Structure formats: C-alpha cells, structure tokens
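This report describes a two-chain model, beginning with strand pairing and proceeding to domains and the contact between chains. Terms are defined where they first appear.

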Amino acid sequence: MYKYFDHSSTTPVNDDVLSTYYKILQKYFVNSESIYPRGLEVNNLMEKSREKTASLLNVLPKEVIFTSSGSEANNLAIKGTALKRKGFGKHIISTTVEHSSVERSIKWLVDYLGFEVTYLPVNQNGVIEIEDLEKAIRKDTILVSIMYVNNESGAIMPIDKIKSIVRKYPNCYLHCDCVQAIGKIDFDLTDIDMASISAHKIYGLKGSGVLIKKQHVQIAEIISGGQQEFHLRAGTSNAAVNIVFYKTLRKALEAYKDHKSKIKKNHDYLLEELKKLDKIVINSPEDGCYGVINFSCLTITSQVMMNALSLKGFEVSAVSTCDSQKAISRVISQMYKDENRLKGTIRVSISHLHSFEDIKGLKEAIKECIEDYG
Amino acid sequence: MAKLVYEYILVRYGELTTKGKNKNEFIKKLANNMKLALSNYPNLVFERTRDHIYVHLNGTDPDEVTPILKNIFGIRSFSKTLKVENNIEEIVKAGKDIMEDKQGTFKVITKRANKKFEILSDKVNRMVAGEILKNYGPNLKVDVHNPDYKLIVEIREKNTYLMAETILGAQGFPVGVGGKAMLMLSGGIDSPVAGYLTMKRGVEIECVHYASMPYTSLASLNKVKELAKLISGYQGQIKLHIIPFTNTQMEIYRVCDHSYAITMMRRMMYRLAQSLAERNKCLAIVNGESIGQVASQTLESMAAISEVVNIPVIRPCVTLDKLEIIDIARQINTYETSILPYEDCCTIFTPKNPVIKPKKDKCRWYEEKYDFEPFLKEALENVETVIISPSTKFDDNEDLF
C-alpha cells in the first residue's frame, strides 16, 4: 500500500523522467555554452526543451527561463522587478498566505531597499477579496504577486479578476506563483506577466524550476555573470535538468488530464469521511483544488497526529514544509482564529498515484488515531 | 460525436490536365510522388483514373494525410469523401455529420448517377439541407449562388459518396516531369526559395553546398541540412552534395586581388556545380541570385560568372525583391532557419570593396596565370553526399522529450 500523502511538499520522480535524466547525464557532460559540436548538441537539446515547454504553456521560447527552483523563480520575479522598475514606484502588493519564498523576497525589499508592501488578507475560503486589491493598488504599484493555488489550503485565488484589475495599471506587473497549480487545475497564463513553476512538485527533479517571463516584462538579474538564460540567470546551465524539464511538464499535464476524475473521486471520498468524524473540522475551502485537503483535529495537535500517523507508516504534513519548524500554520491562521483548530492542522495531498484502497487506508488510520489519542 | 470515418480522398489534377499526350505520364508521376510522400501510411491504396486519383484511406486518419498532400505539386485540390449505403436516411445523416464542424454558407448538390434511386436529386437536396439547418441552423445558412461549402452528394450504382470541402493543393507540375537540376544551396534565405520555385515547375532538384571548414562551423552545415530537409518534402527526398571548398578559396585569396575574390570564387563554384550536375544527370544549375542584391549579383557579375559554364543557369528569384523572397521563405517555413546567425562561405572572406562590374578578361587572366584545376579536382573527389527526407532525424534524441 502506498502511504505517502505529501505530494504538495514534493513528489516521487516519474520513472521515465528519471531514466531520461540518467541517460542525458551519462552522455552529455560538456558545457552547453561550448561551441564544439558536443557543446552545441547539448545546447540544442536544451533549447528544444525550452521551445517545447513554451508551446505546452502557450508562451514564446524566449519567455521560458530555467532556474534552480520555484523559490528562485519567485526571487527573480520579485527582486528582479523591484530592482529594474523602482523608477516607476516602490509599492508592492501581495497576500498574507504566500509561500515563504515570495513573502521573504518582499520582506527583503522592504528591509533593505525601502519598498512598501500591502499584504491583502484572505477570507475563510482562503482567497482575497477582490475589492481589497482594487483599494490597495495605486499608480506607484509596480508588482502584484499572488499565488494561483495555495500550498496549504488548496484555495484557488480569483486570478481572472486579479488580472483584469492589474491590467488597468500598465506600470504594474502581475506575478503568479504557479508552483501548486501546475498539474492540479486548468490554468491559463494569458495576461500573467510572470509565473513560477517547480519541477519536483510535478514528479520531476529537485533543483529545477522555470520562471515564465513575458517578453514585454523587464527585470534585473539576481545572479550576475555569464550569458545563460538571456543574461537573467548566470551560472553554467544545469543542462540535463533543463532538458528533462519538458518531459516532466508534459507527463504531469498528461497525468492531470488522464486522472482528473479519479483524484476528484478520491478527494471527495476522503473529505466526506473526514467530515463524518467527531472533532474534525475541514480547513480547505469547498471550492479549492482537488488533491489538497487541510483539516484539523480539535483534540490532537498536529505534531501528535503526525507522529501517530508516522508510526502507522503514513506521511502527511502540518504546515508548508518550507515552514515546518514553525508551530502553527501561517496560512490557516489567516483563515481561522480558533486556537485548537490552528494547533491541529494536517495537510493531506492526494495524487494520481493513489488508489482508492490507499485513501481508505489513510482514512482508517486517522480514525484510529482519533480513537486512541483524541 | 465520434470522428467521421472517411472512405477516400479525391485528388484533382492541376495544370497537367491541359497537357494532352503527356497527361498519362504526368498522372503516373504524380501518383508515384504521392505514394513516396505517404509511404509511412501502409493502409492507403491509390487508384488512378483519367480525371482523379482516389486515395483510399482504409482507416487512415485523413487529417494526417491532408498536410502532406498540400505540399505535393501537381495537385489542384482535393476533398475528403464519405461513403454510405444508398439509403435516404443514411444519406441525410451523413450530410448532417459532415457539416457539423463547419460555419458559414452552404449548398447541397446531388448528382443522381444511379437513376434507379427512387428519390429525385432536388428532393435529396432539400432533405439533406433541411436536416443540416435543423441541427446547425445558426452556424450554417443556405446560399445557392456563392456558398462557402458545396456539399456534393453523388448517388452511384452501389453507394453514395459525400464531400463538403475542397482543399487547395500546391498547384504546379508533379516533381520529376521536368527533369532534374542542381541547386546551389548556401544557407541563406534565397536559395531554398529558388529550389522550391523550381520544384513547383516539375523539376526535381539535387543540392550542392560549399563548405569552408574550419572557417565555417558544423552548426552552419547543420543549418544547410535542415534547410534541405525543409524543402525535401516537395519531392519526397533530396540529395545534398557537400563540397569541401576551403583550399580553393584559400588559393583564390592567395593569388587574386581581393576585390575580385568573390567573382573568382563564384566562377569556381559554378564550375564545380556544372561538373556535379553532369555527374548526376542534372540539366541545369539553379541558384538564389537576384539582380543587384549583392556585388556578385549585378548583371555584369552574372555575365562574368556564368560564362564559365555552358548549361542553363536558372535563377527563379532573379527579379523578386528581398521582401517578396522573404514572403515565400516564410510560407515554405525556411525563413526562421535561414536567418540563424552562422557564417557561410560567402560571408566569411568578404572583401571590403568587392568589384561590382568585374571584367571577364581579368578573371580569365587569373585563371591562365594560376592553375585552379587541381583544387577543383580535389574538391570534386571529396564530395560527401547525404540523402535527406522530411523524416530524416539528424539526432536520435526524440526520446529525451
């Protein structure tokens, strides 16, 4: 039985992606910027991956920037915009529930470079009120950075409405952290100026991400140096990883298409079963994305629940893994104030790799934990 | 709705229908070219008649075949055709189905070759059109004078055949009916266009490319191969002869005034092209020259250069503006490859002040004083020939993606 339920944190590498990666590593070690034939060959393969990735996402090849992670993509988008565009204003808008790499990039700009930030709160459904954005945005706002899907609650932000507001401010870019959206929902990058993607969340490799940066968008580089990635990200290209990125994305989108209904079915089943249990409250919004269920047991703290489930072999998480040292979830605490609820948050991720039996097993385990320790 | 199962594709001939006695030969050639281009689809059966070629699909997806047919010269147009029983309900249903994904105006034209079929053509027209209007009313309207779609219903002896769309072919003559020519393929924008225009008139081409390694790179050679691949589909496959040209070029630069280097270089290239043409039974040389585009393409230059050969030199782009050439390059999808920034043998030794009105006498004088023959001979002995088709893969890396 498959007992890993933390796919929002990271995913196992797809077999095909892994074997392709081995093959590339063995065959092509030369620098992709070298101009002897083998260097050109590696470079060609990387550019082919860029082109194919672009066409899959409906953008241009020159709009695809390979990075080392979703976090780096977020840093590049936010800091890069701030540095390049500070002449247009020093105001940034974001939300209180962003991933730490967005949150702390903005904080860095506030602390060290005197930027001003407005954090939009979220309601109990985990999404911003669109009126708040309308009120907060101003002529000197140069960037709105809002995630597509929340990593802890699964809430889907009203991106279409956000787009239509940001579009009215020509000096303002819209950046979307799409790390949790890819492979989980239908998404559309039209009118999004920058979008971050991570490979290891979609059954790819760690150390691999992409920033989509539309051609009209001007940003400064964060890592200065060589000519790689259109001068926006220096450092010898991680060619093998970048080459395999396309296959990773393609496989993930195919899996989403093929298994959408299975994930929905498993998601709905687990959700209904959890609702039946005493002392359990659901934190994820009703209209969140399938595959993420955040709940709290009001009588068991997250830590105890995780330990108890671990003893039974189940791996789940309490808060965003990047914040796992923290006691309570920053995201859920924006949606609810009840202390017992916040102390007991658990996030379960459901993948296409799970069978119905797997889900039933998890349900039973949670039930037992509550009986034993609740 | 499930995808419609088409029976065959009806192919109509282009200009060749006017060619009297040669018509049969032309049709045979066209059918052969089609078979070659579609050799990846083993289920297709080709039936040749005086007026049409029928490509029987036997389960092959017509949407895979269509883009390939569009690139075959000698085809005026073609239509995907449905086959149903001679039964009015089936005919009406098929008429409706075939129009499902369409928008605009239409007209139903029934041809009742089988007079035993009890319902008159006009009535069939009305019944089919009525069913279409009932189902797709807002999207489709009847226009009997100038319809977007002519839905043809042919009721024959055994079955009824329906077609709604006429897809435009590439026109021209079937490649090969006009003999064979040698195209000088440089890697620029013009020469692939020249090749395309030549093939369109039914002339098969082989390509010659002059490589100046190490002054030109492997990347630039790969670009030429890619261009050859892009135009190879029009005749099935293409032969590319790669001539090592460095030593000849070095000798020219050693002995000639640099203002004459390009003229002398082109004279050598023409000689090599002619030798290669004769060796491969090509009747002419084709290139992408256009009057006045560069120093070697003035009329004086052309005269000074082409005097060294005695077979016809065909320059399909000769009177086209650069923008007109680019338009065609975009249309045949070679433009993006042509503009990749790699040096070629013409750009690499470009003199500061090339002569634009070269004197034939001066060229001859150089050639009398210095013996270029050994260099040309060496180049010809070391020609490398590759055969390239649309399915040629220059690397086997598809599985990485």
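In chain B, strand S10 (residues 180-184) and strand S11 (residues 204-211) pair in the parallel sense over five bridges. Strands pair if DSSP finds at least two bridges between them. Helices (H or I, at least four residues) and strands (E, at least two) are DSSP runs, numbered from the N terminus. The model is predicted: local features need pLDDT of at least 70, side-chain atom pairs count only at pLDDT 80 or more, and totals for chains, interfaces and linings use all residues. Residues are numbered from 1 along each chain as its sequence is written, while chains are lettered from A and ligands numbered from 1 in the order in which they are written.

**The sheet of chain B and its helices**

Within the S10-S11 pair of chain B, Met182(B) stands opposite Glu206(B) in S11(B). The two strands belong to an open sheet of six strands with mixed pairing, in the order S14-S13-S10-S11-S12-S15 (chain B). Strand S14 (313-314) and strand S15 (384-388) of chain B are at the edges with a single partner strand each, so one side of each has no neighbour in the sheet.

Two helices lie across this sheet. Helix H5 (residues 190-200) of chain B crosses S10, S11, strand S13 (284-286) and S14 of chain B, and runs at about 170° to S10(B). Helix H6 (residues 218-232) of chain B lies across S11, strand S12 (238-244) and S15 of chain B, at about 160° to S12(B). For these angles, axes are lines fitted to C-alpha atoms, for helices over the stretch in contact, and the angles run from 0 to 180 degrees between N-to-C directions.

Chain B as a whole has 14 helices and 15 strands. Its C-alpha atoms fill a box of roughly 90 × 50 × 35 Å along the principal axes. Of the 401 residues of chain B, 41% count as buried. A residue is buried if 20 or more other C-beta atoms lie within 10 Å of its own, exposed if 12 or fewer, and partly exposed in between, with C-beta atoms placed from the backbone.

**Domains of both chains**

Domain bounds come from an automatic or database domain assignment. The table lists the bounds and the distance between domain centres, taken over C-alpha atoms.

| Chain | Domain 1 | Domain 2 | Distance between centres |
|---|---|---|---|
| A | residues 15-251 | residues 258-373 | 28 Å |
| B | residues 8-171 | residues 180-391 | 43 Å |

In chain B, the contact between the domains takes five residues from domain 1 and six residues from domain 2; residues are in contact if their C-beta atoms, placed from the backbone, lie within 7 Å. The side of domain 1 of chain B that touches domain 2 has three nonpolar, two polar and no charged residues. In chain A, 19 residues of domain 1 are in contact with 20 residues of domain 2. Here the domain 1 side has seven nonpolar, 10 polar and two charged residues. Ala, Val, Leu, Ile, Met, Phe, Trp, Tyr, Cys and Pro count as nonpolar, Asp, Glu, Lys and Arg as charged, and the others, Gly among them, as polar.

**Helix H4 and a sheet of chain A**

Helix H4 (residues 100-113) of chain A has 14 residues and reaches 19 Å from its first C-alpha to its last, close to the 20 Å expected at 1.5 Å a residue. That expected span is 1.5 Å times one less than the number of residues. Buried positions in H4(A) are Ser101(A), Val102(A), Glu103(A), Ser105(A), Ile106(A) and Leu109(A). Their cover includes helix H3 (70-85) and strands S2 (91-95), S3 (116-120), S4 (141-145) and S5 (173-177) of chain A. Gly114(A) follows H4(A) and has a positive phi, near 70°.

Chain A also contains an open sheet of three strands in the order S8-S9-S10 (chain A), with antiparallel pairing. Its edge strands are S8 (280-282) and S10 (345-349) of chain A. Strand S9 (residues 292-297) of chain A is joined to S10(A) by five bridges, and Ile293(A) stands opposite Val348(A) in S10(A).

**Contact between the chains**

11 residues of chain A are in contact with five residues of chain B. Helix H2 (37-57) is one of the elements of chain A giving two or more residues to this side, and H2(A) gives the most, with six residues. By class, the chain A side has six nonpolar, two polar and three charged residues.
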